[in-house]
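Let's take a walk through this model, one stop after another. Keep the structure open while you read.

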Amino acid sequence: PTAPPQEVEVVAINSTTIRFTWNPPPQQFINGINQGYKLLVWPEQSPEEVRVVTITPDYPSSRHTGFVSGLRKFSWYYGSTLCFTTPGDGPRSTPTLLQTHEDTPGPVRHLSFTEILDTSLQVSWAEPEDKNGIITGYMMWWEVPSIKSSRVERSLSNSTVQYQLTGLTSTTAYMIQVAALTGAGQGAVTSSTISTGVPPELPGAPSNLVISNISPRTATLRFHPGSDGKTAISRWIVEGQVVKEDGKEEEWRVVYQKDNEPNADTLEIPNLTPYTQYRFRMQQVNIVGSSPMSAPSRLIQTLQAAPDTYPSNLSLVSATQTSLCFSWKPLPESEYNSSPETMGYRLRVWRTDGDEEDRTEDVKGGVRTTDTTIEGLSPWTHYQVQIQAFNSIGPGLWSQTVAARTTESAPSGSPANVNAEAVSSSRIMLTWSSLPEAQRNGVIIGYKVLYQENDSDGPPTVRVIEGDRNVTLLLGSLQKYTMYALQVLAYTRIGDGPPSSPLLLRTKEDGTNY
């Protein structure tokens, strides 16, 4: 055939069956003797799982009907049909997507019981493997089989997969049933029988505490559990006591708790303080209450570790032209993490402009030192400083950065590019360049020009030029045709910088220019 069946309708009539209705292809497209029809059904997500049902032609009727059964409940399928002759199959009709009807669910899975006590227990389960629809809730029943009047029924939400039964009788067998619900009704019932326990008692104290695998911050505690009091242990409580080097014992305090491991005999104790002496004791807890405390363990000492933190309150105390003095609050003893003899402080210093490499300096005097002076710095320079504590294991964290600046000094360099030009027999024009930033050592207030006749034994004449940007000077009232030595220096409020090298220049011979 070269045409598919016409006016095909595909509908689900229940949770496992699909009905097809269709008209034959036009006779001119059958191309032979119509041998029948094939109904094809496949899951939406698995097109390779095609189910085929063959239908014999119903010649007296122009409208044909066929069914495909045994499908999965509440599942999406595609349905299509085709006509075939002896040479082969014709084209399929356009597939129709449809869903089989909702049905009652299968049985719940993994029905189990925990926390079995004398008058209560917890029931748990998993949703059915075959939901056959949307789970809308669960039904639960429990009873003493020999006492029909004891039957209790509960309707639960679809998110409830565990339920605590209370008000039971001790050492009594109960039959417990659970069924899932969909819009189609109640599913298969899953049943099981369980006996309640004897009345619980307070648990006994753990014993034989052994400490091993000691590190700076953890230790392993092994023990023999005490009696469980005829019920499950719900919590283990470990207390620790710190013992100082002078033998002083601190108060016992809870250092660790572990829940929901009723059969434990080993606990890893975290968050201990390095280089600290501890002893431990413990107790166990059940639904009735807490056991007595165990006997204390032997005294142990955690291992050393690098400091956890840095000294606080780092601040600038004073500054000179080449040094900075800083103070800080030393680490408290509880944060040494090691022997005090191995403790120290280290400062890191660097120029804010990045012109020099970072410097680190270890502070002498030990862990109780609270200040130090950093020497050999450049005047009038911005620096950044950090501090850290260290011990024999390693360094701690660096502190936050503190900014500081050395004080002013006299300039350390002289003006460059000093040039002189005789503009007449009595005048010289002098020019120079400003000082580089690295040689200023403060705020340049101005410049001084020193000049005198060459080979003169007297002091030079000084002309002061105020302002950093004034870098020219016209010298007048000079002797004609005379050799002069000229120098320039910069100055700050602290003092004068070195003068430039002497520059020799002769005034002009011609005295007509004034």
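**Two loops, a sheet and a charged patch**

Asn213 sits in the loop between strand 17 (207-212) and strand 18 (219-224). Keep in mind that this is a predicted model. Have a look at the backbone here: Asn213 isn't a glycine, yet its phi is positive, near 50°. Most residues other than glycine have a negative phi. As for the surroundings, Asn213 counts as exposed because its relative accessibility is 54%, and the cut-off for exposed is over 50%.

Now hop back along the chain to Asn132, in the loop between strand 10 (121-126) and strand 11 (137-144). Asn132 is another non-glycine residue with a positive phi, about 60°. Is Asn132 buried or exposed? Its relative accessibility is 14%, so Asn132 counts as buried, given that buried means under 20%.

Next up is an open sheet of four strands, paired antiparallel in the order 20-19-22-23. Strand 20 and strand 23 (300-301) are the edges: each has a single partner strand, so one side of each has no neighbour in the sheet. Further in, strand 19 and strand 22 (residues 277-285) run antiparallel and are joined by nine bridges. If you want a spot to zoom in on, Glu239 has Arg281 in strand 22 as its bridge partner.

Follow the chain on from strand 19 (235-243) and you enter the loop that leads to strand 20 (253-259), which is where Glu245 lies. With 67% relative accessibility, Glu245 counts as exposed. Together with Asp246, Glu333 and Glu341, Glu245 forms a negative surface patch.

Conventions:
Residues are numbered from 1 along each chain as its sequence is written. This is a predicted model: local features need pLDDT of at least 70, side-chain atom pairs count only at pLDDT 80 or more; totals for chains, interfaces and linings use all residues. Side-chain values use heavy atoms; hydrogens and water are left out. Patches are made of residues with over 30% relative accessible area and no salt bridge: like charges are joined within 9 Å, nonpolar side chains (Val, Leu, Ile, Met, Phe, Trp, Tyr) within 5 Å. Accessible areas come from the Shrake-Rupley method with a 1.4 Å probe; for residues, only the protein chains shown count as cover. A salt bridge is a side-chain nitrogen of Lys or Arg within 4 Å of a carboxyl oxygen of Asp or Glu. Lys and Arg count as positive and Asp and Glu as negative; His and the chain ends are not counted. The place of a charge is taken as NZ of Lys, CZ of Arg, CG of Asp or CD of Glu. Buried means under 20% relative accessible area, exposed over 50%, partly exposed in between (1.4 Å probe, protein chains only). Two strands pair if DSSP finds at least two bridges between them.
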